[in-house]
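Got the viewer open? Load the model, switch to cartoon view and follow along.

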Amino acid sequence: MSDTNLDTYTEGQGCTCYAYGEHECGCGADWTPREVYELRDEVTVLRKALNDLLNDCINFDGGTLTPIFMENASKVLLGSDE
Ligand SMILES: [Zn+2]
(Lines give C-alpha, C1' and ligand atoms only; values in the text may rest on other atoms or scores of the structure.)
Protein backbone atom coordinates (compact mmCIF):
# COMPACT_ATOMS: atom_id res chain seq x y z
CA MET A 1 0.00 0.00 0.00
CA SER A 2 1.14 3.54 -0.66
CA ASP A 3 1.92 5.93 2.16
CA THR A 4 -0.64 8.38 0.82
CA ASN A 5 -3.89 8.51 2.76
CA LEU A 6 -6.51 8.28 0.01
CA ASP A 7 -9.33 9.17 2.39
CA THR A 8 -8.09 12.74 2.48
CA TYR A 9 -5.88 13.01 -0.63
CA THR A 10 -6.59 15.62 -3.28
CA GLU A 11 -4.40 16.58 -6.23
CA GLY A 12 -2.23 19.56 -5.44
CA GLN A 13 -2.80 19.12 -1.73
CA GLY A 14 -0.62 21.48 0.27
CA CYS A 15 0.25 23.66 -2.72
CA THR A 16 1.42 26.99 -1.38
CA CYS A 17 1.78 28.87 -4.68
CA TYR A 18 -1.93 28.99 -5.59
CA ALA A 19 -1.41 27.00 -8.79
CA TYR A 20 -4.36 25.56 -10.71
CA GLY A 21 -2.33 22.58 -11.92
CA GLU A 22 1.04 20.85 -11.93
CA HIS A 23 2.27 22.92 -14.91
CA GLU A 24 1.89 26.14 -12.88
CA CYS A 25 3.10 24.81 -9.57
CA GLY A 26 6.53 25.78 -8.33
CA CYS A 27 6.31 24.60 -4.75
CA GLY A 28 6.66 20.88 -5.37
CA ALA A 29 3.18 19.81 -4.23
CA ASP A 30 2.00 16.33 -5.25
CA TRP A 31 -0.27 16.52 -8.33
CA THR A 32 -0.44 12.80 -8.92
CA PRO A 33 -4.00 11.88 -9.92
CA ARG A 34 -5.84 10.03 -7.17
CA GLU A 35 -6.57 7.22 -9.64
CA VAL A 36 -2.83 6.50 -9.99
CA TYR A 37 -2.52 5.85 -6.27
CA GLU A 38 -5.63 3.67 -6.33
CA LEU A 39 -4.33 1.65 -9.28
CA ARG A 40 -0.89 1.22 -7.69
CA ASP A 41 -2.56 -0.17 -4.58
CA GLU A 42 -4.65 -2.49 -6.73
CA VAL A 43 -1.54 -3.76 -8.54
CA THR A 44 0.04 -4.57 -5.17
CA VAL A 45 -3.03 -6.56 -4.11
CA LEU A 46 -3.27 -8.40 -7.44
CA ARG A 47 0.44 -9.27 -7.48
CA LYS A 48 0.13 -10.76 -4.02
CA ALA A 49 -2.97 -12.72 -5.06
CA LEU A 50 -1.18 -14.06 -8.14
CA ASN A 51 1.86 -14.96 -6.08
CA ASP A 52 -0.31 -16.83 -3.57
CA LEU A 53 -2.14 -18.66 -6.35
CA LEU A 54 1.13 -19.66 -8.00
CA ASN A 55 2.47 -20.99 -4.73
CA ASP A 56 -0.74 -22.95 -4.22
CA CYS A 57 -0.46 -24.39 -7.76
CA ILE A 58 3.16 -25.38 -7.29
CA ASN A 59 2.46 -26.98 -3.93
CA PHE A 60 -0.58 -28.81 -5.29
CA ASP A 61 0.94 -29.74 -8.64
CA GLY A 62 4.44 -30.45 -7.50
CA GLY A 63 5.79 -27.68 -9.73
CA THR A 64 4.53 -29.00 -13.06
CA LEU A 65 3.24 -25.65 -14.35
CA THR A 66 4.05 -25.12 -18.00
CA PRO A 67 7.02 -22.82 -18.77
CA ILE A 68 4.92 -20.26 -20.65
CA PHE A 69 2.55 -19.92 -17.70
CA MET A 70 5.44 -19.44 -15.32
CA GLU A 71 7.07 -16.94 -17.69
CA ASN A 72 3.91 -14.81 -17.94
CA ALA A 73 3.29 -14.92 -14.21
CA SER A 74 6.89 -13.94 -13.49
CA LYS A 75 6.56 -10.88 -15.73
CA VAL A 76 3.52 -9.72 -13.79
CA LEU A 77 5.18 -10.32 -10.45
CA LEU A 78 8.30 -8.42 -11.52
CA GLY A 79 6.25 -5.50 -12.84
CA SER A 80 7.38 -5.81 -16.44
CA ASP A 81 5.35 -3.85 -18.97
CA GLU A 82 6.24 -6.24 -21.79
ZN1 LIG B 1 2.43 24.88 -5.75
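Start with the whole chain selected: of its 82 residues, 1% count as buried. Keep in mind that this is a predicted model. In cartoon view, look for two helices and zero strands. As for how the chain meets itself, take the contacts with a separation of 6 or more: residues 24 or more positions apart account for 37% of them.

Next, select residues 34-61, which make up helix α1, and pick out Leu50 within that helix. Is Leu50 buried or exposed? Neither label fits: there are 13 C-beta neighbours inside 10 Å of Leu50, so this residue counts as partly exposed, given that exposed would take 12 or fewer and buried 20 or more.

Now show what Leu50 touches. Leaving aside residues up to four places away in sequence, its partners are Ala73, Val76 and Leu77. While you're there, draw a distance from Leu50 to Ser74, C-alpha to C-alpha: you should get 9.7 Å, for two residues 24 apart along the chain.

Move on to residues 67-78, helix α2. This helix has 12 residues, and the span from its first C-alpha to its last reaches 16 Å, close to the 16 Å expected at 1.5 Å a residue. How many of its residues are buried? The number is zero out of 12, so α2 lies largely in the open.

Last stop: step just past the end of α2 and click Gly79, where the backbone takes a positive phi of about 80°.

Conventions. Residues are numbered from 1 along each chain as its sequence is written. This is a predicted model: local features need pLDDT of at least 70, side-chain atom pairs count only at pLDDT 80 or more; totals for chains, interfaces and linings use all residues. Helices (H or I, at least four residues) and strands (E, at least two) are DSSP runs, numbered from the N terminus. Two residues are in contact if their C-beta atoms, placed from the backbone, lie within 7 Å. The expected span of a helix is 1.5 Å times one less than its number of residues.
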